[in-house]
Amino acid sequence: MYRTTDGEEIFIIDGHVHLWDGSKANLKNVHGQQFIDCFYAYHSNLSPKEYLWPKEKFDKYGEEAMYEDLFVKGYDDMAICQPTYLTDFYKNGFNTTEANYVLKGKYPHRFIVNGAFDPRDGEAGLDRLDELSEKYKIQGVKLYTAEWRGDSKGYKLSDPGVQRYFERCEKLGIKNVHVHKGPTILPLNRDAFDVADVDDAATSFQNLNFIVEHCGLPRLDDFCWIATQETNVYGGLAVVLPFIHTRPEYFAHVISELLFWIGEDKILYGSDYGIWSPKWLIEKFMAFELPESVSKETGVQLTMTAKKKILGLNAARLYGIDIDAQKKLLAETQQTATV
Amino acid sequence: MTIMAAIAAVDRTAEVWARLESVIDPELDESVTELGFVTGVEVDAGGDVKVDFRLPTYWCAANFAFLMADDMRIAVAALPWVGRVTVGLGEHMYADKINHGVAAGHSFQATFGDEANGEELEEVRRIFMVKAFQRRQEALLTYLLDHGHEPAVLLQLTVVELAALPSDSDGRRLIARYLERRPVIGSDADETAFVDQDGALLNAAQIHAYLRALRRVGVNAEFNSALCRGLLATRYGTECGPQVEVKPVHFVRSISTARSN
């Protein structure tokens, strides 16, 4: 919970957190090492100095540190776990629904745990999706289209095999499809960060919400265009928001473009924890004002209303969370207080 | 080595660096030398050249990595005295494949086979050349409009007239940079200087809306550039790259400079 200087309480839902194991013991190969090292470079590059972690903590921080960083030191009230399996790089997977669910078991009202699917798994993958739905009552999936699987270096949402999975999502009531649009790898000769496949899927499946994580960076320009065309496409601020510290002027331009093109009802806060921590992200975001030159340019404002929507109301709407009821629940179960 | 030979070797190395400066990261529209990607140039007595380069992450897109490696080879090979050119990409997931493919003079398609999906790399190159064109055009037009030029007059200029347009040094640089990319859309010297990405004339009455739309391209590229430079510095240390923070047309800076005038 964040309290403004006026004493107003702002309920915060972190749309993008991880509980990963990038430790040496879990590595399968050099790619696994390079993957966690690359994450660490993002962390080191964009975090304020006082929030830099030693590499050992970063490799595997564990449940208690995560709870502390999100809800005790940080201002998150709830967080959505987005799994990233990466089983070709890590023995037990990098960040799995199963591991996330153990965490939710300890703090049931704090976490929303999403599932994942991979269309390359065919029939077995559909069965697995049924199982995830039944066992964990998932309302969303995280898709990592760049994930390596044997000889395949990824897939696109427009691939024919993906349709059946979206149909199954509709049937199971899994409404939120979070798509990681960051460094994809195959096909190698295309623009590897193409977001056009989200456009196809969003048009075909109007009942599903497509949350483009990282707003399609590094193709923000293309993403804005697609999101404007489709009513069911959202932008997740993970990776974009940390620029607020090192490059506030870029952040100002990017958030104003997002507000202009996709609007304040379709932008979701996400810390991308453990890459970055909610404490400093939220403090800086709440204190942030668009420079006049930028708001004059786009004609948009980052108002308190917009901030509240981005920080929690939009995610609450997508995940059916009644904020007043949830506040009560957290208070009753002592999960708002310092543990 | 005689003193003369030593001087010749130094000169040749400088010539190679100068050639490499013309090679750009297609995504960022910035020189690979300014970005700090090139780490070393070696020239031997026989005129063989070895260029070493690196990228901000192990995962940087293979297509762009290949394009840069191949462009470096071609740029250096254009020097008359150059023998064999070896380009060495380090610490990248496809380093070996790219290095071997470029050394053998193979195409991207031949280097990666099925993984490249049978499409032309040149199309990707063109997509990013168009983005570079748009970004440079936006920076120039914004600058000129902010300096009192009338939209209707500007949009009438031919390529030759734009090249001769009197301006201050910032303006001259923006004009030169724009004209460098103008041929991406296809042009003769007597053609209109400012056209859209399809070569159509621009409408003076809607110029501000047009520029606003283009600005997304610039914001995106600036953002990527900041991220790439930061990741490179984190990976290899801040002291390893050239300390050129903002050499090309920086969207944010060019706007704020213009506004403060």
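In this predicted model, Phe260(A) counts as partly exposed, because 16 C-beta neighbours lie inside 10 Å, whereas a buried residue would need 20 or more. Phe260(A) sits in helix H10 of chain A, which covers residues 248-261. Once its neighbours within four places in sequence are left aside, Phe260(A) is in contact with Thr298(A) and Val300(A). Ile138(A), by contrast, lies 32 Å from Phe260(A), C-alpha to C-alpha, with their positions 122 residues apart in sequence.

A second helical residue of chain A can be described in a similar way. Ala99(A) belongs to helix H4, residues 97-106 of chain A. Here 19 other C-beta atoms are found within 10 Å, so Ala99(A) is partly exposed; the threshold for a buried residue is 20 or more. Ala99(A) and Phe288(A) are 189 residues apart along the chain, and their C-alpha atoms are separated by 35 Å.

Attention now turns to the strands of chain A, beginning with S9. Strand S9(A) spans residues 233-236 and is covered on both faces. Val233(A) and Gly235(A) lie on one side, Tyr234(A) and Gly236(A) on the other, and all of these residues are buried. Strand S8 of chain A, residues 209-213, runs parallel to S9(A) and is joined to it by 4 bridges. Within this pairing, Glu213(A) has Gly236(A) of S9(A) as its bridge partner. The two strands also belong to a right-handed β-α-β unit, in which S8(A) and S9(A) are combined with helix H8 of chain A, residues 220-229. S9(A) further pairs with strand S10 of chain A, residues 267-268, again in the parallel sense, over 2 bridges. Ile267(A) in S10(A) is the bridge partner of Gly235(A). Gly235(A) is thus described both by this bridge and by its buried position in S9(A).

Chain B is best introduced through its overall make-up. Its secondary structure comprises 10 helices and 5 strands, and 42% of its 261 residues are buried. Among the contacts in chain B with a separation of 6 or more, 69% link residues 24 or more positions apart. The domain assignment divides chain B into domain 1 (3-119) and domain 2 (123-260). Where these domains of chain B meet, domain 1 supplies 14 residues and domain 2 supplies 21 residues to the contact. On the side of domain 1 of chain B that touches domain 2, the residues comprise 5 nonpolar, 3 polar and 6 charged.

Definitions and conventions. Residues numbered from 1 in each chain as written. Chains lettered and ligands numbered in written order. Predicted model: local features only at pLDDT ≥ 70, side-chain atom pairs only at ≥ 80, totals over all residues. Buried ≥ 20, exposed ≤ 12 C-beta atoms within 10 Å, placed from the backbone. Contact = placed C-beta atoms within 7 Å. Pairing = 2+ DSSP bridges. Right-handed = clockwise from strand over helix to strand, strands pointing away. Domains from an automatic or database assignment. Nonpolar A, V, L, I, M, F, W, Y, C, P; charged D, E, K, R; others polar.
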